[in-house]
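Here's a quick walk through one protein model, written for someone who would rather look at side chains than read a file header. Have the structure open as you go.

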Amino acid sequence: MDILSSTLAAGGQAASGSESTIPVWFMITSGIVVVAILVFDLLLVVKRPHIPSMKEAGIWVAFYVALALVFAGALFAIGDAKHGSEFLTGWLLEYSLSIDNLFVFIIIMGSFSVPRKYQQEVLMVGIIIAIVFRGIFILAGAAIITAFVEVFFIFGIFLLIVAFRQAFSDDDDGDGENAFIRFLRKRINVVDEYHGNSLRVTIEGKKFWTPMFIVFIAIGSTDVMFALDSIPAIFGVTQVTFLVFTANVFALMGLRQLYFLLGGLVDKLVYLHYGIAAILAFIGVKLFIHALHESNWEFLSWGQSIPEVPTWLSLSFIVVAMAVATLASLAKMKKEGIPIRSTNAEDSDDSQD
């Protein structure tokens, strides 16, 4: 733990160029608290699989949002305004991008016909997988940035490409199975029906994997793919490794409850992908400008004259982009007479199965 904390602190100081650093005791304490909450949440899901009501999902979403705000407030108190504002911006960015995950989650849950009372468990396991792999990507990204700051050019261009695809691509994820899942299906024995939340079952003396195992892999691998977009994006907000990781964790922690709170509303927000595309494009440009300032390449010295994008502007842009996209989508739904409600009520009887 001490080695990891020292690495995070050193990486944050080197990358951010800030004289002030976040105290190691704060990083350790907040890490213990977050892990404890995640373990409690996981045990609650495993021991009591059910369909959360709108009230329950709303309370949990509010709790995780409040927890992130408390964490930001603590950073303002023990660190400085720079660390606090960078965390808030990074958290809002990751939270906005995580909404995009919900579209894919809906497709995966539907294509695999996951019983609704087990969807919480599937999402929780997927989120834990995402946290682990994003942690690996973040550490790798921090090391690459330290060794080769011009990587920000690559990150910026990559995000601009992703933003273009978000806004203009008509690609459909189809049945929710990626290439790895299709590869897996051909090489392992999988039964067609669910056996509760079991991953393996024995039928007539022969062991089979259940669809639940495939769903876990589908959710986890999808989260990893989304990390390829979100990690470069948040490095455009802050290069403090600790803040990058905690912003990801706090954004992911409330994703499961948000899935049930929004229900069928997410796929009706037709303009949401434009808001996400705008955010990614904005961060991509910001990364490119930052790279011009940090690069040691002489032929790019002209870039020093371009002002860097301040954190407050990034925060404001993220909030406005998501608000405009959401309000425009709701206005379109109202105009077309589409009901604005969750599908949870329709499936409430499933909790009794």
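Start at V122, which counts as buried because its relative accessibility is 0%; buried means under 20% relative accessible area, exposed over 50%, and partly exposed in between, using a 1.4 Å probe and protein chains only. V122 sits in helix α5. Its C-alpha is 7.2 Å from that of V215, although the two are 93 residues apart in sequence.

A word on ground rules: this is a predicted model, where local features need pLDDT of at least 70 and side-chain atom pairs count only at pLDDT 80 or more, while totals for chains, interfaces and linings use all residues. Residues are numbered from 1 along each chain as its sequence is written, and side-chain values use heavy atoms, with hydrogens and water left out.

**The overall picture**

The protein has 12 helices and 2 strands; these are DSSP runs numbered from the N terminus, with helices being H or I of at least four residues and strands E of at least two. Along the sequence the order goes α-α-α-α-α-α-α-β-β-α-α-α-α-α. Of the 353 residues, 49% are buried.

**Two helices by the ruler**

The expected span of a helix is 1.5 Å times one less than its number of residues. Here is how α6 and α8 come out.

| Helix | Residues | Expected span | End-to-end C-alpha distance |
|---|---|---|---|
| α6 | 151-168 (18 residues) | 26 Å | 26 Å |
| α8 | 211-234 (24 residues) | 34 Å | 34 Å |

In α6, the buried residues include F152, F153, F155 and L159. As for α8, 20 of its 24 residues are buried, so this helix is largely enclosed by the rest of the structure. α8 also bends by about 35° at A227, the bend being the angle between axes fitted to the seven residues ending there and the seven starting there.

**Space inside**

The structure holds 3 cavities of 30 Å³ or more. A cavity here is a set of points, on a 1 Å grid over the protein atoms alone, where a 1.4 Å probe fits but cannot get out, and lining residues have an atom within 4 Å of a point. The largest cavity takes up about 110 Å³, a volume being the space filled by probe spheres set on the points, with grid points joined across faces, edges and corners. It has 15 lining residues, and L97, S98, N101, F226 and S230 are the closest to its centre. Helices α4 (81-111), α8, α9 (241-253) and α11 (272-294) each supply at least two lining residues, with α4 giving the most, at 5 residues.

**Charged pairs**

Side chains of opposite charge can pair when their charged atoms come close. How many salt bridges does a search of the whole structure find? There are 2, a salt bridge being a side-chain nitrogen of Lys or Arg within 4 Å of a carboxyl oxygen of Asp or Glu.

One joins E86 and K82, whose closest N and O atoms are 2.7 Å apart. These residues are 4 apart in helix α4, which means about one helical turn separates them. E86 is buried, at 6% relative accessibility, whereas K82, at 32%, is partly exposed.

The other pairs E94 with R134, at 3.5 Å from N to O. E94 lies in helix α4 and R134 in helix α5 (residues 119-147), so this contact ties together parts that are 40 residues apart in sequence. Both E94 and R134 are buried.

Notes. On a 1 Å grid over the protein atoms alone, a cavity is a set of points where a 1.4 Å probe fits but cannot get out, and a pocket is an open set with protein on both sides within 12 Å along at least five of seven lines; lining residues have an atom within 4 Å of a point.
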